[in-house]
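Please load the model in your viewer and keep the selection panel handy. We will take a short walk through it together.

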Amino acid sequence: MSANDAVLIEDHGAKWVVRLNMPERRNALGRDVVAGITRAAEQAGRSKVLRAVVLCGAGDKAFCAGADLKERQSLTPDEVRVFVGQMNFAFRSIERSPKVWIAALHGACLGGGLELSLCADLRVAQRDAILGLPEVRLGILPGAGGTQRLPRLIGVARAKELILTGSRITADHALALGVVNRVADDHEAAAHALADEVGLAAPISVMQAKRAVDEGYDLHLEAGLAWERACYEVTIPTKDRLEGLAAFAEKRPPRFQGE
């Protein structure tokens with residue numbers, strides 16, 4: 001199935017692949033791509049069996065090279081403002097998704113492409129990946145969450161260095177900074193391996209753990225601990241919790257059902 005021609009969805013049951021499908025434009029973020037991302041996130045959120053999504057780009061040159069600057073040149077200032085709002089909505093849809101999203105990065109991962117990857121829960125980079133936020137060298141600034149998400153991920157000083165210089169970094173440097181979780185020779189295979197690991201866990205537990213982290217991060221400690229307890233409470237009456245205990249006692253793999 002597909003979100004649209006610009007974004008394809010490969011349904012593997014508990015795991016989906018969402019692929020940016022504009023390789024001739026290095027999967028740049030034009031209006032069709034952004035609309036496709038939004039639809040893919042909505043479809044993923046409604047799935048009863050899906051556990052993890054691998055987000056990747058078609059072709060061998062780029063995960064996503066950023067904004068579609070050719071398209072952008074044809075837009076009026078008001079149209080640019082509308083589009084930036086749509087892009088932020090699309091990215092937030094991934095960030096707020098109840099599913100686990102894993103971005104598989106290769107080639108160019110620049111500007112809006114890096115900002116898109118920051119919305120995922122986990123990031124895996126192929127060794128050839130080049131990452132950066134070059135917007136200040138184009139007379140703008142990161143406008144799809146880069147100035148907010150990157151400092152929260154790697155700290156203010158390191159994020160400022162990347163944002164204010166517009167410099168590009170290698171996959172290994174990104175790993176050292178904490179921008180990506182893993183570097184691999186085959187980014188998609190590594191992302192699939194992570195997705196499979198997520199698939200071994202209890203779905204409700206994963207969903208609530210993600211909520212505990214995402215919605216508790218900016219709270220002070222006591223409020224964050226209270227929020228963690230509230231998320232934990234959701235797991236107590238589930239059949240999967242009992243199954244986990246039984247599987248441990250019987251020394252067998254658990255058979256979680258998401259109930």
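The tour below goes from a strand residue to a helix and then to a pair of helices.

A word on the ground rules: this is a predicted model, where local features need pLDDT of at least 70 and side-chain atom pairs count only at pLDDT 80 or more, while totals for chains, interfaces and linings use all residues. Residues are numbered from 1 along each chain as its sequence is written, and side-chain values use heavy atoms, leaving out hydrogens and water.

**Stop one: R19.** Select R19, which lies in strand β3 (strands are DSSP E runs of at least two residues, helices H or I runs of at least four, numbered from the N terminus). Its relative accessibility is 16%, so R19 counts as buried (under 20% relative accessible area, with a 1.4 Å probe and protein chains only). Among the residues that R19 touches are C56, G57 and E188 (contact means heavy atoms within 4.5 Å).

**Stop two: α8.** E188 takes you to helix α8, residues 187-199. Buried residues of α8 include H187, E188, H192 and V198. Colour what covers them: β3 (15-20), β6 (100-105) and α9 (203-216) are among the elements there.

**Stop three: α5 and α6.** Now show α5 (146-154) with α6 (156-165), which pack at about 135° with axes 7 Å apart. That angle makes α5 oblique to α6 (oblique is what remains outside under 35, over 145 and 65 to 115 degrees). Display side chains where they meet: L150, P151 and I154 are among those in α5, and A159, L162 and I163 among those in α6.

Note on methods
Axes are lines fitted to C-alpha atoms, for helices over the stretch in contact, and angles run from 0 to 180 degrees between N-to-C directions. The expected span of a helix is 1.5 Å times one less than its number of residues. Buried means under 20% relative accessible area, exposed over 50%, partly exposed in between (1.4 Å probe, protein chains only). Lists of a residue's contacts leave out its neighbours within four places in sequence.
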